[in-house]
Amino acid sequence: MDKHKKYGKEVTGAEALILALLDEDVRDVFGYPGGAIMPIYDALYDYQDRLNHYLVRHEQGATHAAQGYSRVTGKPGVVFATSGPGATNLITGIADAQLDSTPMVCITGQVASHLLGTDAFQETDVVGVSMPVTKWNIQVTRAEDIAPAVAKAFYIACSGRPGAVLVDITKDAQFGKTTYTYQKCENIRSYFPHPKINDEQVKAAAELINKAERPYILCGHGVLLSQAEQALKQFAELADIPVACTLLGLSAFPASHPLYVGYLGMHGNYGPNVLTNECDVLIAIGMRFDDRVTGNVSKYAKQAKVIHFEIDPSEINKIIPADVAVLGDARESLEAILPLIKNKKRPEWLKRFADCTRVEHEKVIDQAINPTSEKLRMAEVIDKLMQASKGQCIVVTDVGQHQMIASRYFKFDYPNHLVTSGGLGTMGFGLPAAVGAKIAQPEKEVVLVVGDGGFQMTIQELGTIMQSRVPVKILLLNNNFLGMVRQWQQLFFDRRYSFTEMKNPDFLTIAKGYGINGARVSERADLNSALEKMYNSPDAYLLEVMVEAEENVFPMVATGAGVAEIMLEK
Amino acid sequence: MQVKTTYNISVFTEDIIGLLNRITIIFTRRHINIESITASEIEVKGIYRYTIVVTVTEEQVAKLVKQMDKQVEVLKAFYHTNDEIIAREIALYKISANALKADNLFSKVVQKHHAQILNITSEFIVVEKTGDEKEITQLFNDLEQFEVLEFVRSGRVAVTRPMKTLTTYLKELENNTKTTIKYFNQNL
């Protein structure tokens with residue numbers, strides 16, 4: 001292996017960076033070259049057989065691709081960008097990854113160290129600019145500091161609650177010489193990513209759960225990040241506790257499981273929201289009580305004792321005070337509590353959820369997936385995608401109505417099968433994230449569900465699909481509107497549709513320009529076969545579905561309302 | 001509505017460029033004003049202590065301290081009320097030399113406040129005072145009659161009354177277990 005050949009040898013800082021990435025078992029990098037990162041790209045030239053570089057069309061695309069990659073593997077996504085505009089273009093993706101606890105390592109080139117602070121060409125203080133949105137960042141000005149900085153970066157990005165880190169490397173550090181060695185980072189004395197499970201806390205939680213009549217589990221992204229799916233299943237089954245998932249928690253608990261009751265939050269399912277205010281013990285696992293989940297906190301689960309399983313101490317008591325907090329990795333915590341949990345059956349409590357599901361079916365779901373309207377509706381498209389894919393594909397979404405519909409109507413049975421932007425709600429996330437997810441999981445079908453607005457925010461990444469031959473399936477739900485904003489304008493701004501109507505290009509022609517085949521559907525009769533064709537295409541494919549222009553996503557918890565005040569219809 | 005109190009936050013950190021910025025943005029993002037801030041190396045080499053004074057509710061200060069603890073290079077952050085610390089500030093007052101013309105009134109003021117004269121020139125006198133914020137402000141008020149040309153105060157430095165020190169924490173940190181990372185997909 002090259003590692004041994006180069007170990008202890010003199011190399012440039014740029015080559016040391018590439019070697020360090022190989023020592024971290026990085027195989028794929030998303031990036032875009034430019035002046036200040038040229039020595040690294042030059043070193044990469046000799047390592048193309050071991051390190052696959054995907055040339056994106058905009059640096060933001062690299063970050064979202066890295067996020068997509070990370071979310072389906074747990075491995076940190078790696079990004080290269082140059083200084084100045086290259087680096088500032090990363091900020092949206094970094095903020096998105098940080099808010100959604102996605103491990104990501106960004107490497108940026110920087111002007112030579114003697115130029116720092118002189119407003120040199122393409123100099124920005126990217127360490128300063130990215131500070132509020134990174135878990136950690138560092139500027140390296142000497143070749144010998146590159147490998148240790150990379151080791152620390154990977155450790156910090158992946159340990160504890162994962163996040164985005166950035167390593168900024170000056171051009172002279174890339175050119176400089178150093179003797180290459182690599183030591184993986186396993187400990188930083190000021191950093192405690194992995195709290196030891198406290199037996200007292202576990203006991204207190206178990207006591208509350210064993211005494212509970214109507215316990216209720218809220219499952220978040222932490223379950224996926226800690227690979228606690230099996231432990232959660234055993235725990236829920238043992239004590240017969242209903243489980244609902246947050247947006248980022250979807251796919252952590254199989255949708256077909258009898259204890260699965262649905263999706264939480266503003267556009268989530270009816271029962272999971274309403275019954276939050278009827279449970280007696282609320283068991284939150286690896287989630288952070290985002291405002292899209294809680295609605296008005298003064299009307300949230302006031303009757304319930306709250307147990308919060310959480311790895312990040314700053315999340316405990318941040319929004320919803322916990323009666324018992326179990327600090328630690330979700331999987332370790334659940335494995336610790338399992339032996340203390342008593343077997344119970346709760347048919348009456350579960351029936352409450354089933355009743356709510358029936359109401360939601362009557363009022364919302366049945367009409368949405370079998371509409372009588374002339375125009376196609378988003379939910380029926382997702383429902384048909386579910387059938388065409390047999391629920392097997394990885395679903396990547398952008399942000400907006402189509403995202404809520406995909407989250408509501410696709411049934412996620414396999415872990416890490418939904419990639420979406422939750423905390424930051426970044427339009428333009430979808431297309432590059434789908435590219436990253438497909439590169440990470442080439443044997444899986446990856447279907448991007450995207451709206452006409454978000455698609456155009458990063459549409460240039462069709463070039464990445466073309467150049468790197470990434471067979472992503474693009475399901476474009478086109479209503480020629482910024483649908484979610486339009487919905488709010490309709491409901492809360494007196495139908496004053498201020499700049500939400502879109503004059504769109506011919507998307508099929510654009511795709512064709514990038515060598516991507518596609519089709520457009522506007523008739524219900526053609527939908528199934530069009531979806532089948534898209535799904536079974538060996539290459540990238542764009543299916544544009546013309547949907548109802550003024551469809552609203554329901555149910556909805558309006559801003560300021562409590563979860564129990566969820567509206568089923570207008 | 002919870003009551004706001006003055007809290008003294010002590011943040012123990014590694015010696016890292018830019019870390020102070022990471023700490024201060026925790027306050028600015030929440031629109032909380034820092035009343036004073038000082039930073040210096042402590043008894044353990046390479047470890048720095050920031051003393052930050054804020055007036056907030058206890059819920060707020062607890063959340064602020066957790067956010068600081070979350071920073072990778074922060075060893076530990078604590079908060080204390082004024083009763084739990086022993087604190088001092090230092091202040092310098094630059095007074096017009098005309099003050100000396102007013103008989104010995106000026107020296108009496110300086111003596112009464114247990115302040116010291118650091119420097120005298122033909123144009124100005126520099127007075128130094130160590131004390132709490134109140135004492136420093138009182139001296140300022142008494143000196144105003146002599147024309148204060150410049151006034152500067154250091155911000156609070158403090159030691160805490162509780163005996164558990166950072167060194168005890170540092171020992172606990174040595175037992176900090178190693179963490180190895182596992183990805184879901186080991187094939188990659």
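In this predicted model, B:His114 is found in a loop of chain B. Helix 3 (105–112) comes before that loop, and strand 6 (116–120) follows. The phi angle of B:His114 is near 55°. That value is positive, in a residue other than glycine. B:His114 has 11 other C-beta atoms within 10 Å, so the residue is exposed.

A positive phi also occurs in chain A. For A:Gln227, which is not a glycine, phi is near 55°. A:Gln227 sits in the loop that links helix 11 (221–225) and helix 12 (229–239) of chain A. Here 18 other C-beta atoms lie within 10 Å, and A:Gln227 is therefore partly exposed. Another backbone feature appears further along chain A. The peptide bond leading from A:Phe554 to A:Pro555 is cis, and its omega is near 0°. A:Pro555 belongs to the segment after strand 20 (541–546) of chain A.

The overall build of chain B comes next. Five helices and nine strands are present in chain B. Their order along the sequence is β-α-β-β-α-β-β-α-β-β-α-β-β-α. Of the 188 residues in chain B, 25% are buried. Contacts in chain B were also sorted by sequence separation. Of those between residues at least 6 apart, 75% join residues at least 24 apart. The domain assignment splits chain B into domain 1 (5–85) and domain 2 (87–153). Taken over C-alpha atoms, the centres of domain 1 and domain 2 of chain B are separated by 31 Å.

Strand 1 of chain B spans residues 5–14. Seven of its 10 residues are buried, so this strand is mostly covered. Strand 1 has two partners described here. With strand 3 (residues 47–56) of chain B, strand 1 runs antiparallel and shares 10 bridges. Within this pairing, B:Asn8 has B:Val53 of strand 3 as its bridge partner. With strand 4 (residues 74–81) of chain B, strand 1 is again antiparallel, joined by seven bridges. In that pairing, B:Tyr79 of strand 4 stands opposite B:Ile9.

B:Ile9 also takes part in a contact with a helix residue. B:Leu64 is in contact with B:Ile9 and B:Ile26, leaving aside neighbours within four places in sequence. B:Leu64 lies in helix 2 (residues 58–70) of chain B. Its surroundings hold 24 other C-beta atoms within 10 Å, and B:Leu64 is therefore buried. B:Ile23 lies 41 residues from B:Leu64 in sequence. In space, the two C-alpha atoms are 9.4 Å apart.

Chain A is divided into three parts. These are domain 1 (2–179), domain 2 (199–353) and domain 3 (374–547). The C-alpha centres of domain 2 and domain 3 of chain A are 31 Å apart. Domain 2 of chain A gives 13 residues to the contact between them, and domain 3 of chain A gives 14 residues.

Chain A also holds an open sheet of six strands. The strands pair in parallel, in the order 3-2-4-5-7-6. Strand 3 (52–55) and strand 6 (136–140) of chain A are the edge strands, and each pairs on one side only. On average, neighbouring strands of this sheet are turned by 20° against each other, with direction ignored. Within chain A, strand 4 (residues 77–81) and strand 5 (residues 104–110) run parallel, joined by five bridges. A:Phe80 stands opposite A:Ile107 of strand 5. Helix 8 (residues 146–158) of chain A lies across strand 5, strand 6 and strand 7 (164–170) of chain A. The angle between helix 8 and strand 7 of chain A is about 170°.

A helix pair completes the account of chain A. Helix 17 (residues 378–389) and helix 18 (residues 401–409) of chain A pack with their axes 9 Å apart. Their angle is about 45°, so helix 17 of chain A is oblique to helix 18 of chain A. The crossing of helix 17 and helix 18 of chain A is right-handed. Helix 17 of chain A makes the contact through A:Met378, A:Ala379, A:Ile382, A:Asp383 and A:Met386. Helix 18 of chain A contributes A:Gln401, A:His402, A:Ile405, A:Ala406 and A:Tyr409.

Methods
Residues numbered from 1 in each chain as written. Chains lettered and ligands numbered in written order. Predicted model: local features only at pLDDT ≥ 70, side-chain atom pairs only at ≥ 80, totals over all residues. Helix = DSSP H or I, 4+ residues; strand = E, 2+ residues; numbered from the N terminus. Buried ≥ 20, exposed ≤ 12 C-beta atoms within 10 Å, placed from the backbone. Contact = placed C-beta atoms within 7 Å. Domains from an automatic or database assignment. Pairing = 2+ DSSP bridges. Axes fitted to C-alpha atoms, helices over the stretch in contact; angles between N-to-C directions. Parallel < 35°, antiparallel > 145°, perpendicular 65-115°, else oblique. Left-handed = near helix turned anticlockwise from the far one by under 90°.
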